[in-house]
Amino acid sequence: MNENYLYRKKHEQDKTIIKIKNNKICQGNFTFIAGPCSVESYEQFFTTASDLKKTGVNIIRGGVFKPRTSPYSFQGLREEGIKILSSVKKELDIAVVTEITSITQINLFDDVDIIQIGARNMQNFEFLKEIAKLKKPVILKKGFSNTIDEFLLSAEYLLINGCSDIILCERGIRTFEYKTRNTLDISAISIIKELTHLPIIIDPSHSGGIDKLVYPLSLSSIYAGSDGIIVEVHNDPKNALSDGEQSITPKDFERLYTNANKIFNYKVENNI
Ligand code: PEP
Ligand code: MN
């Protein structure tokens, strides 16, 4: 690998600290990004987001352009969903994260604080170049069949095209195991942490695919070096229009929030 790649970590001090609202991602704290898989209605998004805000989260996710395996599955509220994100963002004074799935959507993303590039688009290179030009913070998810080097080279596409605020996200890879949706690649977290100055978070929802796995996967990632999590939280998972089986309730999230902070702080204080 070329030592001059921009993602390369040279010194601890070179760590990229990304500021979003009152959060400093990658600076002595564990970052929580939470919210429903899909924005389904104003009420649903507002209720979930305000519960999460009460717990202490002010970066809220909600998909509006959904990359679904089946064309018959809910495709997202699209433009209407963006309007909901904007108004809840203003009302609750939160930052919002949503996925872009086509370059034609770019002019709808003015009000979006962090643009998510999904696993399926990680290697859509022309797409990466165009998104980088917006110079907005980006969450880049690792493809489920991609190597760490490929992942970091995709980050490099963003970096050399002007996007410096990149949050890398390990969201599980495809393996022979069928009891889980994907397999969280714990070693990838530690290796990526060694190689780059960029923050790395995990997605315990898409990696496990099961609500009960969100808690243990999130906590395990802390010792591996994760800077945070992006997690699916729904006020009524049984009736969710997408990914209900892997969504936790705001109440379950509260327990996760408390204990993840405890473990993270213990790790920092004891230099583990
Ligand atoms: C999502 O976060 O809703 C999503 C579709 O994630 P991924 O790209 O990791 O599958
Ligand atoms: Mn989802």
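Visitor: Where does K21 lie in this predicted model?

Guide: K21 sits in the loop between β1 and β2, the latter covering residues 23-25. Its backbone is worth a look, since the phi angle of K21 is near 50°, a positive value in a residue other than glycine.

Visitor: How exposed does K21 count as, and by what figure?

Guide: The label rests on relative accessibility, where buried means under 20% and exposed means over 50%, with partly exposed in between. K21 has 39%, so it counts as partly exposed.

Visitor: Which value does phi take at N271?

Guide: Phi of N271 is near 55°, again positive in a residue other than glycine. N271 belongs to the segment after α8. With a relative accessibility of 72%, N271 counts as exposed.

Visitor: What does the start of the chain offer, for instance at K9?

Guide: K9 lies in the segment before β1, which spans residues 18-20. At 22% relative accessibility K9 counts as partly exposed. Distance along the chain and distance in space are two separate readings. K9 and H197 are 188 residues apart along the chain, yet their C-alpha atoms are separated by 4.6 Å.

Visitor: How do I read a metal site? Which residues give donors to the manganese ion (ligand 2)?

Guide: Begin with the protein atoms that serve as donors. For the manganese ion (ligand 2) they are C37 (SG), H206 (NE2), E232 (OE) and D243 (OD), at 2.0 to 2.4 Å from the ion. Next, look at how the donors are spread along the sequence: the spacing is C-x168-H-x25-E-x10-D.

Visitor: Why does the pair H206 and D243 tie together parts of the chain?

Guide: H206 is in helix α6 (residues 204-208), whereas D243 is in the loop between β10 (228-232) and α8 (250-269), so the pair links parts that are 37 residues apart in sequence.

Visitor: Are H206 and D243 buried or exposed?

Guide: Both H206 and D243 are buried.

Visitor: Now the other ligand. Which residues are around ligand 1?

Guide: A list of neighbours comes before any single contact. Around ligand 1 are R61, K66, P67, E99, Q116, G118, A119, R120, K141, R171, H206 and E232. Of these, H206 and E232 also appear among the donors of the manganese ion (ligand 2).

Visitor: What atoms of K66, Q116 and A119 lie by the oxygen atoms of ligand 1?

Guide: Take side chains and backbone in turn. An N or O atom in the side chain of K66 is 2.9 Å from an oxygen atom of ligand 1. For Q116, a polar side-chain atom is 2.9 Å from an oxygen atom of the ligand. A119 uses its backbone instead: an N or O atom there lies 2.8 Å from an oxygen atom of ligand 1. As for cover, ligand 1 taken alone exposes 290 Å², and the protein buries 97% of that.

Visitor: Which pocket does ligand 1 take up?

Guide: The space taken by ligand 1 is the second largest pocket.

Visitor: What contacts do the side chains of E170 and Q44 make within the protein?

Guide: Place each residue, then check its cover and its partner. E170 is in strand β8 (residues 166-170), and at 0% relative accessibility it counts as buried. The side chain of E170 makes a polar contact with that of K142, at 2.5 Å. Q44 is in helix α1 (residues 42-55), and its 6% relative accessibility also counts as buried. The side chain of Q44 makes a polar contact with the side chain of H234, at 3.4 Å.

Conventions:
Residues are numbered from 1 along each chain as its sequence is written. Chains are lettered from A and ligands numbered from 1 in the order in which they are written. This is a predicted model: local features need pLDDT of at least 70, side-chain atom pairs count only at pLDDT 80 or more; totals for chains, interfaces and linings use all residues. Side-chain values use heavy atoms; hydrogens and water are left out. Donors are N, O and S atoms within 2.8 Å of the metal (3.2 Å for Na, K and Ca); water is not among the atoms, so sites may look incomplete. Helices (H or I, at least four residues) and strands (E, at least two) are DSSP runs, numbered from the N terminus. Buried means under 20% relative accessible area, exposed over 50%, partly exposed in between (1.4 Å probe, protein chains only). A residue is near a molecule or strand if one of its heavy atoms lies within 4 Å of it. A polar contact is a pair of N or O atoms within 3.5 Å; within protein, one must be able to donate a hydrogen and the other to accept it, and residues adjacent in sequence count only if both atoms are side-chain atoms. Accessible areas come from the Shrake-Rupley method with a 1.4 Å probe; for residues, only the protein chains shown count as cover. On a 1 Å grid over the protein atoms alone, a cavity is a set of points where a 1.4 Å probe fits but cannot get out, and a pocket is an open set with protein on both sides within 12 Å along at least five of seven lines; lining residues have an atom within 4 Å of a point. A molecule sits in a cavity or pocket if more than half of its atoms lie within 2 Å of its grid points.
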